[in-house]
Amino acid sequence: MTTRIIGTGSALPKEIVTNDNLAKIVDTNDEWISSRTGIRERHLAKEETCSSLAAAAGKMAMEDAGVGPEEIDLIVVATCSPDSNFPSTACKVQESLGLYHAAAFDVSAACSGFLVALHTVYAYMNSGLSKTALIIGAETLSKLIDWTDRGTCVLFGDGAGAVVAKADDTGIIQFVQGADGSMGQCLTCDERSIVNPFNQEAKPTDYISMDGQAVFKFAVTKVPECIRQVLEESHTDIEEIKYFVLHQANSRILSSVAKRLKMPVEKFPMNLDRCGNTSAASIPILLDEMNRQGMLKKNDKIVMSGFGAGLTWGATLLEW
Ligand code: COA
């Protein structure tokens, strides 16, 4: 028994912020941002929230899959920027979409989160605990950004992507995932301080902080490594892969991974020029765009790979 994706959806906030818009608030320009990252614009939430974007993407994925609310028995949301510590985003999605037969919880693995959620659902399905699941990556990272820090504020965007997955005989063929907490300081965002009647020392609010070059080096090394691993473990020839659907952090990272795998960059679809880095949402948003454009045909083999804070990484080989 494995896990098959049978529907996709996505939701982006209405507000589009271009690189020129950002140049009005920090010392940057379109040429620097687009040449270093490939990003030209991103969507930022105004009236939307993490859970409203998650629910909108989930609803669309269920419509695409032709699955009704009573069929969903598990909701897993990957996010590191939820509306609340609790209830979880998954519980809010359950309420919003009326999925009252489903267990619901969030996972936190930053930009690798969607794949970790998908692998978790695979484990549930493989052990007979779930038959039809809703898996969502949803982020409102804009609230975690220091908008005076030009090194990070130009990179991220808000949005959500979702898939419906079913227990089936085909689908996920192999996956790997890993973490290296010793490199955790490369990319951080602290929660609020522990303040209580016995400890009054509050630290100032923290925002995303990053050693960009360390993260870049990690990504261009680890992503090809885990993709090769997933292919080797499944005895799959890389030439069989139609698309490499990677976390959308930076077009230079994606081009470098393509080069290291000796694959044409055309096999690495990108939407980061329009969305920026939407963390756990980036892979399912891209997957939804590809699905709606008819790029994915039955039996196509694709590899998805995510990487990010933790540091964490993962790769999934699946048959569409
Ligand atoms: N606009 C203009 N100049 C900027 C800038 C911006 N938005 N951000 C940084 N700079 C400046 C720096 O201040 C520095 O100036 P200096 O040489 O005068 O000190 C110069 O540009 C080079 O900065 P550096 O940080 O060395 O640039 P870089 O080539 O490493 O590119 C990133 C920076 C962030 C684009 C790149 O490191 C990166 O993409 N890393 C991976 C980040 C990532 O993907 N994180 C998420 C992973 S999930």
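This report describes the ligand site of a predicted model and then some backbone features in its loops.

**Where the ligand sits**

The ligand lies between two domains, because domain 1 (2–169) and domain 2 (174–319) both give residues to the shell around the ligand. The space that the ligand takes is the second largest pocket. Several elements each give two or more residues to this shell. They are helix 2 (30–37), helix 6 (150–153), helix 7 (212–233), helix 8 (251–260) and strand 12 (301–308). Helix 7 supplies the largest share, with four residues.

**Who surrounds the ligand**

In total, 22 residues surround the ligand. The closest are Thr28, Arg36, Arg150, Gln213 and Asn250. By class, the shell holds nine nonpolar residues, nine polar ones and four charged ones.

**Polar contacts**

Three pairs of atoms link the protein and the ligand in the table below.

| Residue | Protein atom | Ligand atom | Distance |
|---|---|---|---|
| Arg36 | polar side-chain atom | oxygen | 2.7 Å |
| Gly212 | polar backbone atom | nitrogen | 2.9 Å |
| Gln213 | N or O atom in the side chain | oxygen | 2.7 Å |

Arg36 and Gln213 meet oxygen atoms of the ligand through their side chains. Gly212 offers a polar backbone atom to a nitrogen atom of the ligand. How much of the ligand does the protein bury? Taken alone, the ligand exposes 970 Å², and the protein buries 72% of that.

Two of these contact residues also fit the picture of the elements. Arg36 falls within helix 2 (30–37). Gln213 falls within helix 7 (212–233).

**Backbone features in the loops**

Which peptide bonds are cis? One runs from Phe86 to Pro87, with omega near 0°. Pro87 lies in the loop between strand 4 (74–78) and helix 4 (89–97). Another cis bond joins Gly310 to Leu311, with omega near -10°. Leu311 has its place in the loop between strand 12 and strand 13 (312–319). Strand 12 is also one of the elements that give two or more residues to the ligand shell.

His235 stands out by its phi angle. Its phi is near 55°, a positive value in a residue other than glycine. His235 is in the loop between helix 7 and strand 11 (241–246). Helix 7 is the element with the largest share of the shell around the ligand.

Methods: Residues are numbered from 1 along each chain as its sequence is written. This is a predicted model: local features need pLDDT of at least 70, side-chain atom pairs count only at pLDDT 80 or more; totals for chains, interfaces and linings use all residues. Side-chain values use heavy atoms; hydrogens and water are left out. A residue is near a molecule or strand if one of its heavy atoms lies within 4 Å of it. A polar contact is a pair of N or O atoms within 3.5 Å; within protein, one must be able to donate a hydrogen and the other to accept it, and residues adjacent in sequence count only if both atoms are side-chain atoms. Accessible areas come from the Shrake-Rupley method with a 1.4 Å probe; for residues, only the protein chains shown count as cover. On a 1 Å grid over the protein atoms alone, a cavity is a set of points where a 1.4 Å probe fits but cannot get out, and a pocket is an open set with protein on both sides within 12 Å along at least five of seven lines; lining residues have an atom within 4 Å of a point. A molecule sits in a cavity or pocket if more than half of its atoms lie within 2 Å of its grid points. Ala, Val, Leu, Ile, Met, Phe, Trp, Tyr, Cys and Pro count as nonpolar, Asp, Glu, Lys and Arg as charged, and the others, Gly among them, as polar. Domain bounds come from an automatic or database domain assignment.
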